[in-house]
Amino acid sequence: QVQLVESGGGLVQAGGSLRLSCATSGRTIGRSAMAWFRQAPGKDREFVAYISWTGAGTYYADSVKGRFTISRDNAKNTVYLQMNSLKPEDTAIYYCAAEGSGSYSITINGRNFGSWGQGTQVTVSS
């Protein structure tokens, strides 16, 4: 049992920046990878980025490469998503996810993400 709480969402203009945070609590995640996903109204949940436990390994969706950066601070039990050069198509609810089994799971490069936060809304205006 692990709890994930996202924060940092809001309304920004196109070209602006925003940093999302994911705070973990409850049982220790351990050496689980962490990821960010997003979901726009009427669309499937979409992978954004993931990071390994040590932070040495990262992987990004093509749509955000060069604009978004995922990082983590294990001492603070927090994962971040720095979003720069935001576009209107980035508008979505952003979810934090932890590697592990769950009732709703998405697999990226063999890693199963099954623990989810409640999400935080990001809106990018034109």
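A charge is taken to sit over a ring if NZ of Lys or CZ of Arg is within 6 Å of the ring centre and within 35 degrees of the ring normal. In this predicted model, R45 meets that description at Y95, lying over the face of the ring at 3.8 Å from its centre. The charged end of R45 also sits over the ring of W116, here at 4.9 Å from the ring centre.

## Aromatic residues

W116 leads on to a wider group of rings, since F37, F47, Y50, Y59, Y104, F113 and W116 form one aromatic cluster. For the model, the count of aromatic pairs comes to eight. One of these pairs is that of F47 and Y59, whose ring centres are 5.7 Å apart and whose planes meet at 25°; planes under 30 degrees apart count as stacked, so this pair is stacked. Because F47 lies in strand β5, residues 46–51, while Y59 lies in strand β6, residues 58–60, the pair ties together parts that are twelve residues apart in sequence.

How buried or exposed are the two partners of this pair? F47 has a relative accessible area of 12%, and because buried means under 20%, F47 counts as buried. Y59, by contrast, has a relative accessible area of 35% and is partly exposed, because that value falls between the limits of 20% for buried and 50% for exposed.

## The largest pocket and the loop at D44

The largest pocket holds about 170 Å³ of space. Its lining is made up of 13 residues, and those that lie nearest the pocket centre are R38, K43, E46, E89 and D90. By residue class, the lining divides into eight charged, three polar and two nonpolar residues.

R38, one of the residues nearest the pocket centre, is also touched by D44, which in addition touches Q39 when residues up to four places away in sequence are not counted. D44 itself lies in the loop between β4, residues 34–39, and β5. With a relative accessible area of 69%, D44 is exposed, because the limit for that class is over 50%.

## T91 and T123

T91 is found in the loop between β8 and β9, the latter spanning residues 92–99. Leaving aside neighbours within four places in sequence, T91 is in contact with A40, Q121, V122, T123 and V124. T58, on the other hand, is 33 residues from T91 in sequence and 22 Å from it in space, C-alpha to C-alpha.

The contact between T91 and T123 can also be read from the side of T123, which touches G10, L11, V12 and T91 once residues up to four places away in sequence are not counted. T123 lies in strand β12, which covers residues 120–125. The C-alpha atoms of T123 and E89 are separated by 9.0 Å, although these residues are 34 residues apart along the chain; E89 is listed among the residues nearest the centre of the largest pocket.

## S71 and the loops with positive phi

S71 lies in strand β7, residues 68–73, and, leaving aside neighbours within four places in sequence, is in contact with I51, V79 and Y80. Between S71 and F37 the separation is 34 residues in sequence and 14 Å in space, C-alpha to C-alpha; F37 belongs to the aromatic cluster described above.

Where does N77 lie? N77 is found in the loop between β7 and β8, with β8 covering residues 78–83, and N77 has a positive phi of about 55° although it is not a glycine. N109 likewise has a positive phi in a residue other than glycine, with a value near 50°, and its place is in the loop between β10, residues 106–108, and β11, residues 111–116.

The accessibilities of the residues treated in this section, together with those of T91 and T123, are set out below.

| Residue | Relative accessible area | Class |
|---|---|---|
| S71 | 31% | partly exposed |
| N77 | 40% | partly exposed |
| T91 | 24% | partly exposed |
| N109 | 51% | exposed |
| T123 | 28% | partly exposed |

Why does N109 count as exposed? The relative accessibility of N109 is 51%, and N109 is placed in that class because exposed means over 50%. N77, at 40%, counts as partly exposed because its value lies between the two limits of 20% and 50%.

Terms used: Residues numbered from 1 in each chain as written. Predicted model: local features only at pLDDT ≥ 70, side-chain atom pairs only at ≥ 80, totals over all residues. Heavy atoms only, no water. Helix = DSSP H or I, 4+ residues; strand = E, 2+ residues; numbered from the N terminus. Buried < 20%, exposed > 50% of the residue type's maximum accessible area, 1.4 Å probe, protein only. Contact = heavy atoms within 4.5 Å. 1 Å grid on protein atoms, 1.4 Å probe; cavity = no way out; pocket = protein on both sides within 12 Å on 5 of 7 lines; lining within 4 Å. Points joined across faces, edges and corners; volume = space filled by probe spheres on them. Nonpolar A, V, L, I, M, F, W, Y, C, P; charged D, E, K, R; others polar. Phe/Tyr/Trp six-rings, centres within 6.5 Å; stacked < 30°, edge-to-face > 60°.
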